[in-house]
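Here are some notes on the packing in this entry, set out as numbered points. Please read them with the structure open.

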Amino acid sequence: HEWDLIEKSLQNDPFWYFLSNEAGPTQNRIGLLFDLVASNDGMPERSASDAYAVFYHFSRNLNATGADIEAEWLRIKQIFMTLEEWFEDRRLFHIVGFLVHTGVSVNKLLELTRGNPKDVFERSLRDLVFRSIIGDIPSEISREVIEERIGETLGSIHYDRHKPRIRSVLLLFNVATLLENTASNIRFQFDSFKKGEWDIEHVRSISPDYLNTPGRRKEWLLEVRTYLESQDFTDDERKVESQNSNEEYLSSIDEFLAYDNPKSRVHEFNELYEKLVSLFGEKTESEPDHSIANLVLLDAKTNRSYNNAVFALKRQRLLKLDRAGIFVPLCTRNVFLKCYSDRVKNVMFWKNEDGAAYSKAMMKTLTNFFLGETETTL
C-alpha cells in the first residue's frame with residue numbers, strides 16, 4: 001500500500017520534474033528512490049547497459065545474514081518523505097528545482113541536510129547557487145558586496161560566448177522573482193519548462209542577417225503588413241519625422257512584394273527594412289546588443305518563428321500565448337509587458353532605458369535572493 005502511494009505521488013509530473021531532468025517512465029517511477037539509496041550506499045553510477053544494477057544491490061542486501069527488510073524499506077520511505085517535504089515547501093521547491101535543473105544531483109542535496117536544521121540547509125542551497133552562477137562566496141557578506149559581484153557577472157556575460165550561463169541566470173531570475181514576495185503562492189512550472197526546448201531570445205531585433213533569402217524576406221514583410229493593418233499608431237508612438245500613415249507603409253510593402261524577381265532587390269529590401277524598423281523605434285545596430293539587458297527565455301518553437309521580428313510583433317505573439325494558457329516564463333512576460341520600466345511612454349517599443357530598468361530589476365532581485373530577503377508588500 002505504501003509503495004502504491006509513493007508511486008502515485010511520483011506519477012504527478014510537477015513532483016517528478018522537480019526531482020528529475022528526464023522524462024519519467026510511465027510505470028515504476030519509484031525506481032528513482034531505489035537509485036538514490038543505492039547510490040548513497042556507494043554503488044557506482046550505473047550505465048545504460050546495466051539496467052539491473054540496483055536490483056542486484058538490494059538483492060544482496062536482503063539476502064545477507066541478518067538482513068532487515070523493514071529497515072531497507074524504511075530507508076526508501078525516509079528519502080521519499082524528505083523529497084516530499086522539499087516539494088511542499090515553496091522556498092525549497094524553487095531553489096532545489098533550480099539546482100536539479102542545472103545538474104546538481106539529488107544525493108548531493110540530501111547530503112546537505114544531514115545534521116543541519118532547515119534554515120542552515122536553505123542557506124547552503126543559496127550558497128551553492130551563488131557558486132554556480134557568480135563564483136566564490138565573498139568573505140564579507142553585505143548588500144553592497146553582493147550587488148557588486150552580481151553586477152560584474154551580468155556585465156561580463158555575452159550572448160555569443162556564455163549561452164549556458166545566461167540561460168541559468170535567466171532561469172534563476174524567474175525563480176527568484178517568484179520567491180521575492182511572500183504574499184505570492186505561484187510556483188514555477190518546472191514540468192512545463194523541462195518538457196520544452198528553450199532558447200535565449202533578443203528582446204529587440206539585432207540585424208536583418210537572418211532575412212537572407214527571398215522567402216524569409218517575404219514572410220517578414222507579410223507579418224509586418226498584417227500587424228500594421230491591425231494597429232493605428234498615434235503621433236506620440238510614431239518614431240519617424242514624416243509621421244507617415246500606415247497606408248504609406250503598407251503601400252511600400254506591397255510595391256516590394258509585387259517585384260517579379262525579389263531576389264535581385266536586396267538593396268531595396270534593406271532600405272525598406274530600415275524604414276519599417278524605424279517605425280517601431282528600432283534600427284540596425286553596428287554593434288548588436290547581446291547583453292543580458294536585451295535577453296529573455298522563450299520556447300524554441302515560438303522563438304524560431306519570429307524571424308527577427310520587431311518588439312511590437314514579438315509582444316503581440318507572446319501575449320496570444322499567454323492568453324491561451326501556454327506556459328510563458330514570468331520574467332519574459334514581464335519584459336514584453338514592460339513591467340520593469342519606471343515610465344512607460346508606449347508599450348510598442350523597447351528602448352535603451354527599458355533594457356537598463358530590466359537589468360536593474362534583475363540585479364536587485366538576485367541580490368535579495370542571495371541575501372535571503374523578501375518583500376512582504378507589492
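Which residues of helix H7 (residues 106-113) are buried?

1. This is a predicted model. In it, the buried residues of H7 are Val106, Asn107, Leu109 and Leu110. Around the helix axis they span an arc of only 155°, so they sit on the same side of H7.

2. The buried residues of H7 pack against several helices: H2 (13-19), H3 (31-40), H5 (69-88), H6 and H8 (118-133). After H7 comes Gly115, which has a positive phi, near 75°.

3. Two of the H7 residues, Val106 and Leu110, are touched by Leu83. Leaving aside residues up to four places away in sequence, Leu83 also touches Phe15, Phe18, Leu19, Leu33 and Leu36.

4. The largest nonpolar core has 86 residues, and those touching the most other members are Leu33, Leu83, Trp86 and Phe370. Helix H10 (residues 163-180) is the main contributor to this core, giving 10 residues. Apart from this core lies another, of 22 residues, including Tyr227, Phe269, Val277 and Ala312.

5. Helix H6 (residues 90-101) also meets H10: their axes come within 10 Å and cross at roughly 175°. An angle over 145 degrees counts as roughly antiparallel, and H6 and H10 are therefore roughly antiparallel to each other.

6. On the H6 side, the contact is made by Arg90, Arg91, His94, Ile95, Phe98 and His101. H10 supplies Ser168, Leu171, Leu172, Val175, Leu178 and Leu179. Sorted by class, this contact between H6 and H10 comprises seven nonpolar, three polar and two charged residues.

Definitions and conventions: Residues are numbered from 1 along each chain as its sequence is written. This is a predicted model: local features need pLDDT of at least 70, side-chain atom pairs count only at pLDDT 80 or more; totals for chains, interfaces and linings use all residues. Side-chain values use heavy atoms; hydrogens and water are left out. A nonpolar core is a set of buried Ala, Val, Leu, Ile, Met, Phe, Trp, Tyr and Cys residues joined through side-chain atoms within 4.5 Å. Buried means under 20% relative accessible area, exposed over 50%, partly exposed in between (1.4 Å probe, protein chains only). Helices (H or I, at least four residues) and strands (E, at least two) are DSSP runs, numbered from the N terminus. Contact means heavy atoms within 4.5 Å. Axes are lines fitted to C-alpha atoms, for helices over the stretch in contact, and angles run from 0 to 180 degrees between N-to-C directions. Angles under 35 degrees count as roughly parallel, over 145 as roughly antiparallel, 65 to 115 as roughly perpendicular and the rest as oblique. Ala, Val, Leu, Ile, Met, Phe, Trp, Tyr, Cys and Pro count as nonpolar, Asp, Glu, Lys and Arg as charged, and the others, Gly among them, as polar. The arc is that of the directions from the helix axis to the C-beta atoms.
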